[in-house]
Amino acid sequence: MCSIRPVGGAVMSGKIPYPRIVVTPPGPKARELIRGDESYVSRSMVRWYPLAAESGSGSIVRDVDGNEYIDFNSGLAVLNVGHCHPRVVSAITGQAKRLLHYSYTDFYYQPIVDLGAELVKITPGAFAKRVFFCNSGAEAVEAAMKMSKWHTRNSLFLAYTGAFHGRTLGAVSLTASKLVQRRHFFPLLPGVTHVPYPYCYRCPFHLTYPECGLWCVDFIDEEVLSKYVPPEDVAAMFVEPIQGEGGYVVPPDDYFPRLRRILDKYNIIMIDDEIQSGVGRTGKWYAIEHFNVVPDAVCLAKAIGSGLPIGALVSKDELMDWEAGSHASTFGGNPVACAAGLAVIETIREERLLENATKQGAHLANRLKEMQRKYPILGDVRGKGLMIGAELVKDPDTKQPAAELAQEVMTKCFKRGLAIITSGRSTMRFAPPLVISRELLDTGLDVFEGVVKELAGSVR
Ligand SMILES: Cc1ncc(COP(=O)(O)O)c(C=O)c1O
């Protein structure tokens, strides 16, 4: 159960009482819980450190032993409006009392129509759109793959190295961020070609932006689509406007406009995966808006349900011409999850959270850049809004990733009351709730800086 307290993201007067470590984590209750988990839960989960969550409010997550952490994870970019936002909780409980379920694959109900209308409104593109509802990010990606195949009758896909689009068999065929996600699962879906992501800090072509002339995007046209992937056989290209699991990697401003021109030239559908970067995280509803590019379809999940399972594919109307019965999901667009989604959108609007993400995000990036000048282990700082990565390296000249150090930073931050994890090989990901106050952000950053300062000396 969420505990609703009048704190969390709210600005407190005087000293902030967070973080609050009352027993060295993991405390006795957390250890007990973890013993149960180790007995009964699948071994395939990644556990970064022993945080056993009990409740949350705003930007604070509390463990079962009463420790309170500043949450820079947002439950993996899900809690954009903060833990247990009262408006979301009230929408969920209100809907739960009226109608819990009535399979939208076969029947009708109002919340799905209302959320569909809102998603159409906030999604870029001055054209008619439709929404397919499902339960998760991977399912939204699966829907996008099947829709593109159905519409084009083509079977090939383009995706990026470093991409993460989910773990179901179709989605994991597009995913290419870590071997562990693919090992022993072959054969995957045939026909997926991965092209290099514009990761300028570690350019796959060993070139430097802007002198490179954006060869990585021309490579797609001049090599991939001209020599070994016939464009007329391609169903779609999947893009993350900011790579999430790949390491919070941000392409240069002119990258996506040029990519869009190439895709238009060959009539290839552009699917924008905003599952991690969407719903206001970067200070705009969708990260792709920073690049002034309009995709043909967008995949959403995570933050739109604020913790309830929901995914959505928002697409150009004309692409959703698949016939009745060709794709559906029993629980997709569940009325309670839709009520949560509507409350999330309303909260972002009414509390001006896009503005707060932009404002606090700029402060976060500035503080990390200041730290970068002091501590050479911070090799690169990048991101937009409250989706910021700080890449840890052993040496700023060799740029060798410091994966063990990153693990140590995470663990020490956790013990001191800051919940933060990595992405990619050694990038610390800063993704606090969009409701976060300057005071909590600064306090969290002070914890992070204290740990970095302590460990910077131990790096050779
Ligand atoms: C960009 C992106 N796409 C897809 C997914 C898969 O979402 P889910 O875990 O809900 O299946 C994720 C999850 O982290 C993601 O970050």
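Start by selecting F186, which sits in the loop between helix 6 (169–174) and strand 6 (192–195). You are looking at a predicted model. At a relative accessible area of 52%, F186 counts as exposed, because the cut-off for that class is over 50%. Now add G125 to the selection: 61 residues separate G125 and F186 along the chain, and their C-alpha atoms are 37 Å apart.

Stay in that loop and pick H184, which also lies between helix 6 and strand 6. Its phi is positive, near 70°, and H184 is not a glycine. H184 is exposed too, with a relative accessible area of 73%.

**Another positive phi, and two cis bonds**

Go to L76, placed in helix 2 (residues 74–77). L76 is not a glycine either, yet has a positive phi of about 65°. With a relative accessible area of 31%, L76 is partly exposed.

Next, move to the segment before helix 1 (28–40), where you will find P19 and P26. The peptide bond from Y18 to P19 is cis, with omega near -5°. The bond from P25 to P26 is cis as well, and there omega is near 0°.

**Into the core**

Time to go inside. In soluble globular proteins, nonpolar side chains tend to be buried together. Here the largest nonpolar core holds 141 residues, and the ones to select are L119, Y160, F256, L259, F430 and F448, which touch the most other members. Helix 12 (residues 438–456) is the top contributor to this core, giving nine residues.

Which residues does F256 touch, beyond those up to four places away in sequence? Show Y160, Y197, V239, E240, P241, P251, M270, I288, F291 and V293 around F256.

For a buried residue in a loop, select L434, between strand 15 and helix 12. Its relative accessibility is 0%, so L434 counts as buried. Setting aside neighbours within four places in sequence, display its contacts: N80, V279, G280, R281, L353, N356, A357 and L386. Then draw a C-alpha to C-alpha distance from L434 to S74: the two are 360 residues apart in sequence and 9.0 Å apart in space.

**Along helix 11**

Select helix 11, residues 403–415. Its 13 residues should span 18 Å at 1.5 Å a residue, because the expected span uses one less than the number of residues. The end C-alpha atoms are 19 Å apart, which agrees.

Which residues of helix 11 are buried? Colour L405, A406, V409, M410, C413 and F414. An α-helix has 3.6 residues a turn, so residues three or four places apart point the same way. To see what covers the buried residues of helix 11, turn on elements including strand 3 (68–71), strand 12 (387–392), strand 13 (418–419), strand 14 (421–423), strand 15 (427–430) and helix 12. Just past the end of helix 11, G417 takes a positive phi of about 100°.

**Empty space**

Rolling a probe the size of a water molecule over the atoms shows where empty space is left. How many cavities of 30 Å³ or more does a search of the whole structure find? There are two.

The largest cavity holds about 120 Å³ of space. Centre your view on P198, C200, C203, C212 and C216, which lie nearest the middle of this cavity among its 15 lining residues. Its lining has 14 nonpolar residues, one polar and no charged ones.

The second largest cavity has about 30 Å³ of space. Select its lining: T123, P124, F127, K129, P295, D296, A297, V298, V314, S315 and K316. Strand 9 (297–300) and strand 10 (311–316) are the elements that give two or more residues to this lining, and strand 10 has the largest share, with three residues. By class, the lining of the second largest cavity divides into six nonpolar, two polar and three charged residues.

Finish at the second largest pocket, which contains about 700 Å³ of space. Of its 24 lining residues, pick Y104, R130, V131, F132 and M320, which lie nearest the centre. Helix 4 (110–122) and strand 4 (129–134) are the elements that give two or more residues to the lining of this pocket. Coloured by class, that lining shows 15 nonpolar, five polar and four charged residues.

Notes: Residues are numbered from 1 along each chain as its sequence is written. This is a predicted model: local features need pLDDT of at least 70, side-chain atom pairs count only at pLDDT 80 or more; totals for chains, interfaces and linings use all residues. Side-chain values use heavy atoms; hydrogens and water are left out. A nonpolar core is a set of buried Ala, Val, Leu, Ile, Met, Phe, Trp, Tyr and Cys residues joined through side-chain atoms within 4.5 Å. Buried means under 20% relative accessible area, exposed over 50%, partly exposed in between (1.4 Å probe, protein chains only). Helices (H or I, at least four residues) and strands (E, at least two) are DSSP runs, numbered from the N terminus. Contact means heavy atoms within 4.5 Å. On a 1 Å grid over the protein atoms alone, a cavity is a set of points where a 1.4 Å probe fits but cannot get out, and a pocket is an open set with protein on both sides within 12 Å along at least five of seven lines; lining residues have an atom within 4 Å of a point. Grid points are joined across faces, edges and corners, and a volume is the space filled by probe spheres set on the points. Ala, Val, Leu, Ile, Met, Phe, Trp, Tyr, Cys and Pro count as nonpolar, Asp, Glu, Lys and Arg as charged, and the others, Gly among them, as polar.
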